[in-house]
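Visitor: Hi, do you have a few minutes to go through a structure with me? I'd like to start with the helix packing.

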Amino acid sequence: MDYSRLLNRAWTIVWAHKFLILLGVLAALGSGGGGNNVRWQAGDGNGGDVPTFNFGEGTLGGVSMWLLILLIGLIFAILLVLWVVATVARGSLIAAVDTIERSSENNSESNRERGGQVTFMTAWSAGWQKVWPLIGIALLPAIPVLVLLISGVITIGTVAGFATLTGINLDFPLRSGIGFLLVALACIAAPFALVLILLRNFAERACMLENLGVFPAYRRGWEVLTHNLGPAIILFLIQIALSILLGIGLIGPGIVMVLCFLLWPLLLLIGGTVEAYFSALWTLAWREWTVEDGQTPLTTRVAGV
């Protein structure tokens, strides 16, 4: 595999078709790394009291539980919409890059007349047509996390129910034994989630480019990954190296953009460009590992192309 050619071609495609950056922004908005930086703050940093649940009064830190439930529900709904948009956007990026690359390889007048031109809407339409398989593919890595959350909710609900039935005003900090239980469950669920997240990248391409359902896409993704494990690891390491270099280079400008809300659109554009570039990189690699070797014909195309 010519990694230099792959890196240059991915950038050429993204720069020449800037609607891919917009798709990258949508993909990054719903799947950004904010969750990786979330941590529980068990104190106020100055030796202050630890936030507590007061089940007897139906409050959390003095705030009505009903209000908290409403806010949590609203936040969850917004995050759910963003997650679906990000999922469709990832599929749209895959379909668009594949079609752009295929068109460039068959750049004849008759082909252009039959095919048309790839646009944001045609790419989005291709992703939307696969929304349910894409959602299923994206949900599988979340199953271990969902099991963890459900276990935590059941545990907390059991404690809350016991406190209500017995009339005990039960206050417990986030550093309680329940917190340790959730950490233990997370340690069990994390390895399974990590493997599925790594496979999702391949399964999404199997879904979009080979018209496969959820489980067949994961099987196909596993097949392609294991048959090209060496190049895939090298490409993954290259992505990590590029991300680190980009992160170092943007430390100063990034701080300025975060502090100045007028520059937030620029921050989104940078994130969208990075997302679109790496998506194009893996799609081109997938093509080289499968299509160009004649292993599997493509059956899914961008609408109208």
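Visitor: Which residues in α3 meet which ones in α12?
Guide: Happy to help, and keep in mind that this is a predicted model. On the α3 side there are Leu93, Ile94, Val97, Asp98, Glu101, Arg102 and Glu105. They meet Ala276, Ser279, Ala280, Thr283, Leu284 and Arg287 in α12.

Visitor: How does that contact split by class, nonpolar, polar and charged?
Guide: The contact of α3 with α12 has six nonpolar, two polar and five charged residues.

Visitor: And what's the geometry, angle and axis distance, for α3 and α12?
Guide: α3 covers residues 65–105, and α12 covers residues 264–289. They pack at an angle of about 55 degrees, with their axes 9 Å apart. Angles under 35 degrees would count as roughly parallel and 65 to 115 as roughly perpendicular, so α3 and α12 are oblique to each other. Their crossing is right-handed.

Visitor: Glu101 caught my eye. Is it buried or exposed?
Guide: Glu101 is buried, because its relative accessible area is 7% and the cut-off for buried is under 20%.

Visitor: What does Glu101 touch, then?
Guide: Leaving out residues up to four places away in sequence, Glu101 touches Arg9, Ile13, Leu284 and Arg287. Leu284 and Arg287 also appear on the α12 side of the α3 contact. Arg9 and Ile13 belong to α1, and they are among the α1 residues in contact with α12.

Visitor: Good, that brings us to α1. At what angle do α1 and α12 cross?
Guide: Roughly 125 degrees, and their axes come within 9 Å. Roughly perpendicular ends at 115 and roughly antiparallel begins over 145, so α1 and α12 are oblique to each other. α1 passes α12 in a right-handed crossing.

Visitor: Which residues make the contact between α1 and α12?
Guide: From α1 there are Arg5, Leu6, Leu7, Arg9, Ala10, Trp11, Ile13 and Val14. From α12 there are Thr273, Ala276, Tyr277, Ala280, Leu281, Leu284, Ala285 and Glu288. They divide into 12 nonpolar, one polar and three charged.

Visitor: And how do α1 and α10 pack, in angle and axis distance?
Guide: α1, residues 3–16, packs against α10, residues 229–249, at an angle of about 55 degrees, with axes 12 Å apart. That makes α1 oblique to α10, and the crossing is right-handed. Tyr3, Leu6 and Leu7 of α1 make the contact with Pro231, Ile234, Leu235, Ile238 and Leu242 of α10. By class that gives eight nonpolar, no polar and no charged residues.

Visitor: Changing topic: what is the phi of Asn211?
Guide: Asn211 has a positive phi of about 55 degrees, although it is not a glycine. Most residues other than glycine have a negative phi.

Visitor: Where is Asn211 placed?
Guide: Asn211 is in the loop between α8 (177–210) and α9 (214–227). With a relative accessible area of 42%, Asn211 is partly exposed.

Visitor: What about His227, buried or exposed?
Guide: His227 is in helix α9. His227 is exposed, because its relative accessible area of 59% is over the 50% cut-off.

Visitor: How far apart are the C-alpha atoms of His227 and Trp289?
Guide: They are separated by 8.8 Å, although the two residues are 62 apart along the chain.

Visitor: Let's zoom out. How many helices and strands are there?
Guide: The chain has 12 helices and three strands. Of its 305 residues, 35% count as buried.

Visitor: What share of the contacts joins residues at least 24 apart?
Guide: Counting contacts between residues at least 6 apart in sequence, 82% join residues at least 24 apart.

Visitor: Last one: what is the accessible surface of the chain?
Guide: It comes to about 17300 Å², and 72% of that belongs to carbon and sulfur atoms.

Notes
Residues numbered from 1 in each chain as written. Predicted model: local features only at pLDDT ≥ 70, side-chain atom pairs only at ≥ 80, totals over all residues. Heavy atoms only, no water. Helix = DSSP H or I, 4+ residues; strand = E, 2+ residues; numbered from the N terminus. Buried < 20%, exposed > 50% of the residue type's maximum accessible area, 1.4 Å probe, protein only. Contact = heavy atoms within 4.5 Å. Areas by Shrake-Rupley, 256 points an atom, 1.4 Å probe, with all protein chains shown as cover. Axes fitted to C-alpha atoms, helices over the stretch in contact; angles between N-to-C directions. Left-handed = near helix turned anticlockwise from the far one by under 90°. Nonpolar A, V, L, I, M, F, W, Y, C, P; charged D, E, K, R; others polar.
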